[in-house]
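Thanks, everyone; I would like to take a few minutes on the nonpolar cores and the cysteines of this model, so please have a look at it first.

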Amino acid sequence: MLLFSSLRRLLRPRHQKYYGHIISLGYNCEVSFQFFLKYHFVESSLFAWANCIDLAHLTAALSNIETIAAGGLKNTNPMWRCQNTGICFHGKAPVSVWRENPFDDVITADREELFSRLNHLKQKFRQTAADGKKNLYIYKLAPSDILDTALADKLRLLFATLQSLCHNSFDLLLILEQGKQPDLEKKLQDPGFFIRRVAFFTDENNVTAKCNDHIHWRKIFDEFRPDFRLKKTKKFKFEEL
């Protein structure tokens, strides 16, 4: 079995890169959704189904990861905003619940479940950063990031922040739209960075829409691949719609 695994690795196409963990850093759910469409699973992680607002909010949250949710969670229907970081997270309650003016006990239960889950995912984020595997962190640039003239330096700060947390070797994959920040590839040639582009991102308010650039997303996830498979054990909210 070990010999077969070694041979399989040698025969892999050279352009393909394999990782023991593939972790979305946001900024929203489109990364996780597109990965799911390609591989039919998503590894649970802290920011997989979050709205991180932008690069500055994400980097600040990673710099103080234990503060996430520690200052309380405010309901924004249907998501929950972390009072310390400003980042928004999905609770477990079905989308239909939030269309029906839920009772206080439903809201309280959703908040308590999310608080517990975020504490677990914070611990898992550290564990998956130090288990000896190679990680891929993926960040889809937010609209405000694209307008930032100091973007390359701020992305280096994000990488350095990940280095302070991650004892595994890792790469950082950045995804942005074609034509946006056209000089970024020239400005950011540092080891460990990869930049890939899609023709367009989906609508901010409907990242699971059928109108998406599935061609480029599939191409990206054909190059950057999981070295593992997870059994699907639940339905995601977008599958219930």
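I will start with how the model is treated, then go through the cores, and end with the cysteines.

This is a predicted model, so local features need pLDDT of at least 70 and side-chain atom pairs count only at pLDDT 80 or more, while totals for chains, interfaces and linings use all residues. Residues are numbered from 1 along each chain as its sequence is written, and side-chain values use heavy atoms, with hydrogens and water left out.

A nonpolar core here is a set of buried Ala, Val, Leu, Ile, Met, Phe, Trp, Tyr and Cys residues joined through side-chain atoms within 4.5 Å, where buried means under 20% relative accessible area, exposed over 50%, and partly exposed in between, with a 1.4 Å probe and protein chains only. The largest such core has 49 residues, and Phe 47, Phe 125 and Tyr 137 have the most contacts inside it. Tyr 137, leaving aside neighbours within four places in sequence, is in contact (heavy atoms within 4.5 Å) with residues including Ile 23, Leu 25, Phe 125 and Leu 162. Apart from this core lies another, of 19 residues, among them Phe 36, Val 42, Ile 175 and Phe 201.

How many disulfides, meaning pairs of cysteine sulfur atoms within 2.5 Å, does a search of the whole structure find? The search finds 0. Cys 29 is buried, at 9% relative accessible area, but its closest cysteine sulfur, in Cys 52, is 9.1 Å away and therefore too far for a bond. Cys 211, by contrast, is exposed at 59%, and the nearest cysteine sulfur to it, that of Cys 29, is 18 Å away.

Notes:
Disulfide = S-S within 2.5 Å.
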